[in-house]
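Here are my notes on this model, written as a short walk through it. Have the structure open and find each piece as you read.

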Amino acid sequence: MSSLIAPHSFYISTSQESQDIDARTIQEFGIESFTLMEVAGYSAFRDLIQRLQPKSHGLFFCGKGNNAGDALVVARYLLQHGFDITAVFISGTDDLSEDTRKNFQLLKRIKEANSSIGSLTIISSWNEFDLHTEADFVIDGMLGTGLDSEVRGDYNKAITWSNKEELPVYAMDIPTGLHGDTGKVMGNAISADLTYSFGTLKQGLYLNDGPGKAGEVIYCELPFPNHLKDICSAYLLDDQYVLAEPDRSPRHKYEAGVLYVVAGSEGLTGAAMLAAQSAWAEGIGAVILVCPHGNLPIYEKALPQIIKKPIGERDDYFFKEEHTEEVIATISEKKGKVLIGPGLGRNDSTIGFVQQLLETNEGDMLLDADGLWCLAQLKEWNKPKASTWILTPHPGELSNLLGRSIEDDHDRLESVKTLSTEKNVNILSKGYPVILGTPEAKAYLTSYDTRKFSRAGFGDVLAGKIGAFWSRDNSAAKSSALALLKGKHILENLLKADSSRIVEPKDFI
Ligand SMILES: NC(=O)C1=CN([C@@H]2O[C@H](COP(=O)(O)OP(=O)(O)OC[C@H]3O[C@@H](n4cnc5c(N)ncnc54)[C@H](OP(=O)(O)O)[C@@H]3O)[C@@H](O)[C@H]2O)[C@@H](O)CC1
Ligand SMILES: [K+]
């Protein structure tokens with residue numbers, strides 16, 4: 001069982017899922033759509049008013065669907081607070097959705113009733129909009145989850161105009177033109193500084209072009225009943241719910257966790273060292289490096305604190321099939337987790353060794369680097385029933401495991417969900433975002449910039465950390481999440497001290 005229970009504010013939905021939750025809240029639960037729109041707009045307003053210059057001038061770009069209605073609610077509140085509002089209806093005002101039409105009436109009515117509030121200017125088509133209009137900010141209420149194809153007509157012009165101006169842009173729900181599921185730009189998309197995501201976080205905000213287009217994402221709660229939100233199966237990873245690290249004060253050396261690192265052939269010992277050092281730095285009871293005997297002198301010198309278990313003969317510099325039994329006996333000595341892969345190499349006999357180990361070792365295994373390559377060569381994955389696996393592929397390795405290329409991050413998300421469920425494994429798919437898939441068909445996405453971790457060596461450090469956390473905490477998902485968040489915190493601190501700093505794997509040990 002996955003132990004990561006995300007609070008509802010971290011639920012990620014597809015457009016269809018959010019429309020279903022909307023519809024069921026209205027029809028089954030009995031909250032009217034007009035009320036939902038009011039709550040959406042009001043919660044965006046509450047945040048916005050703290051960011052905007054008092055009584056400044058906002059341009060509200062509106063479509064004709066409910067996304068525009070959200071923007072008009074914001075406009076009504078800001079108008080009452082003395083802001084000047086220019087509402088530009090890209091498709092005119094004749095064909096507005098029912099709730100949006102009502103909000104349009106309310107906006108006009110509030111101005112008519114109060115002459116002392118801000119000014120209200122209505123522009124009924126893009127053609128009537130003066131391109132030299134001076135304003136302080138843009139509210140994007142053109143298209144939300146209703147986007148169904150590449151952006152059409154004057155929306156394109158409004159997006160291009162906005163992207164050329166230097167004004168801050170605040171998007172309602174999704175930046176116009178960004179696909180809510182894939183995060184791809186549909187021909188053209190507005191670049192927002194901030195996006196208010198209503199009711200659930202929209203998946204597209206975190207995939208492909210999403211992070212670049214959405215800017216900061218703020219979740220706005222809507223009165224959806226919790227049980228309806230449970231159709232979501234993706235979540236944003238966050239410290240708030242990934243529980244604090246397990247207790248670091250060991251009662252007995254081995255009770256604080258044992259990690260076997262099966263790694264490091266000749267010429268590739270650096271990877272094994274990074275992984276072992278990274279795990280050791282987490283203060284676990286023991287890190288036991290299981291290595292080909294010939295490489296022992298290198299490790300004796302470089303890793304004095306780490307227990308070494310040399311395998312085979314003094315002239316064995318890589319793992320061979322004949323080592324399988326000895327390795328199984330070694331990793332069965334004490335209860336622990338096994339990290340296999342860093343710097344193993346791809347010798348035929350090493351591949352045979354790894355494959356035998358995968359099929360016969362009943363314990364829990366974390367497969368990284370060459371370990372994944374060996375797995376990908378197998379037609380069938382005969383994972384022993386009792387064992388839990390965590391796989392940590394980068395996009396190329398994920399492609400190998402799938403036996404096909406991956407188109408983009410949306411494809412990667414779908415593939416990780418399917419593969420982890422079908423194969424009953426945990427998959428930590430590296431990339432931006434990192435996607436953590438569990439056998440229960442749940443996916444957790446990182447929200448910070450993981451691109452700094454793409455250089456060689458970071459994978460070994462991450463694998464060491466996951467292994468260390470896993471050796472102390474029995475949940476594969478939580479261990480993976482703790483390791484990711486640890487990297488995030490270290491990165492934030494390093495960049496706080498020096499924002500231009502080039503980070504290296506050893507910074508994260
Ligand atoms: N439902 C609720 O309870 C709540 C919903 N909420 C809000 O509603 C939003 C969803 O609203 P929605 O479903 O009305 O769709 P929306 O994004 O406004 O656009 C639809 C219009 O766009 C048009 N159009 C489509 N594709 C296009 C393209 N490529 N290029 C150009 N035009 C295109 C299409 O017109 P067409 O041209 O097809 O006639 C259609 O009329 C959601 O994101 C959230 O903000 C919140 O208030 C909370 C409660
Ligand atoms: K929008």
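**Notes on the fold**

1. Let's start in the sheet: strand β11 and strand β12 (residues 286-292) run parallel and are joined by five bridges. For one spot to click on, look at Val261, which sits opposite Leu289 in β12. Keep in mind throughout that this is a predicted model.

2. Now look to the other neighbour of β11. Strand β14 (residues 337-340) pairs with β11 too, again in the parallel sense, this time over four bridges. Here Val262 has Ile340 of β14 as its bridge partner. If you're wondering what holds such pairs together, strands of a sheet pair through backbone hydrogen bonds, either parallel or antiparallel.

3. Is β11 buried or exposed? Five of the five residues of this strand (residues 258-262) are buried, so it is largely enclosed by the rest of the structure. In a regular strand the side chains alternate between the two faces of the sheet. You can follow that here: Val258, Tyr260 and Val262 point one way, Leu259 and Val261 point the other way, and all are buried.

4. Next, zoom out to the whole sheet. It is an open sheet of 12 strands with mixed pairing, in the order β8-β1-β10-β19-β18-β17-β16-β15-β14-β11-β12-β13. At the edges stand β8 (201-202) and β13 (307-311); each has a single partner strand, so one side of each lacks a neighbour in the sheet. Elsewhere in that order, strand β10 (residues 234-236) pairs with strand β19 (residues 443-445) in the parallel sense over three bridges, and Leu236 has Leu445 of β19 as its bridge partner.

5. Back to β11 and β12: together with helix α8 (residues 269-280), they make a right-handed β-α-β unit. The length of α8 is a nice check to do yourself. With 12 residues at 1.5 Å a residue, α8 should span 16 Å, and its end C-alpha atoms are 16 Å apart, which agrees.

6. How many residues of α8 are buried? The count is 11 of the 12, so α8 is largely enclosed by the rest of the structure. The buried ones include Met273, Leu274 and Trp280, along with Gln277 and Ser278. Among the elements covering them are β11, β12, β14, α9 (296-302) and α15 (458-472).

7. There is a ligand to find as well. Ligand 1 has 28 residues around it, and those that come nearest are Gly65, Asn66, Asn67, Gly144 and Gly146. Helices α2 (33-48) and α3 (66-80) each supply at least two residues of this shell. By type, the shell divides into 10 nonpolar, 11 polar and seven charged residues.

8. Last, some backbone oddities. Most residues other than glycine have a negative phi, and most peptide bonds are trans. Tyr432 and Pro433, though, are joined by a cis peptide bond, with omega about 10 degrees; Pro433 is in the loop between β17 (426-429) and β18 (435-437). Lys55, in the loop between α2 and β2 (57-62), has a positive phi near 55 degrees. Asn208, in the loop between β8 and α6 (210-214), has a positive phi as well, near 50 degrees. Their surroundings are worth a look: Lys55 has 13 other C-beta atoms within 10 Å and is partly exposed, whereas Asn208, with 22 C-beta neighbours inside 10 Å, counts as buried.

Conventions
Residues numbered from 1 in each chain as written. Chains lettered and ligands numbered in written order. Predicted model: local features only at pLDDT ≥ 70, side-chain atom pairs only at ≥ 80, totals over all residues. Near = placed C-beta within 6 Å. Nonpolar A, V, L, I, M, F, W, Y, C, P; charged D, E, K, R; others polar. Pairing = 2+ DSSP bridges. Buried ≥ 20, exposed ≤ 12 C-beta atoms within 10 Å, placed from the backbone. Right-handed = clockwise from strand over helix to strand, strands pointing away. Expected span 1.5 Å × (residues − 1). Contact = placed C-beta atoms within 7 Å.
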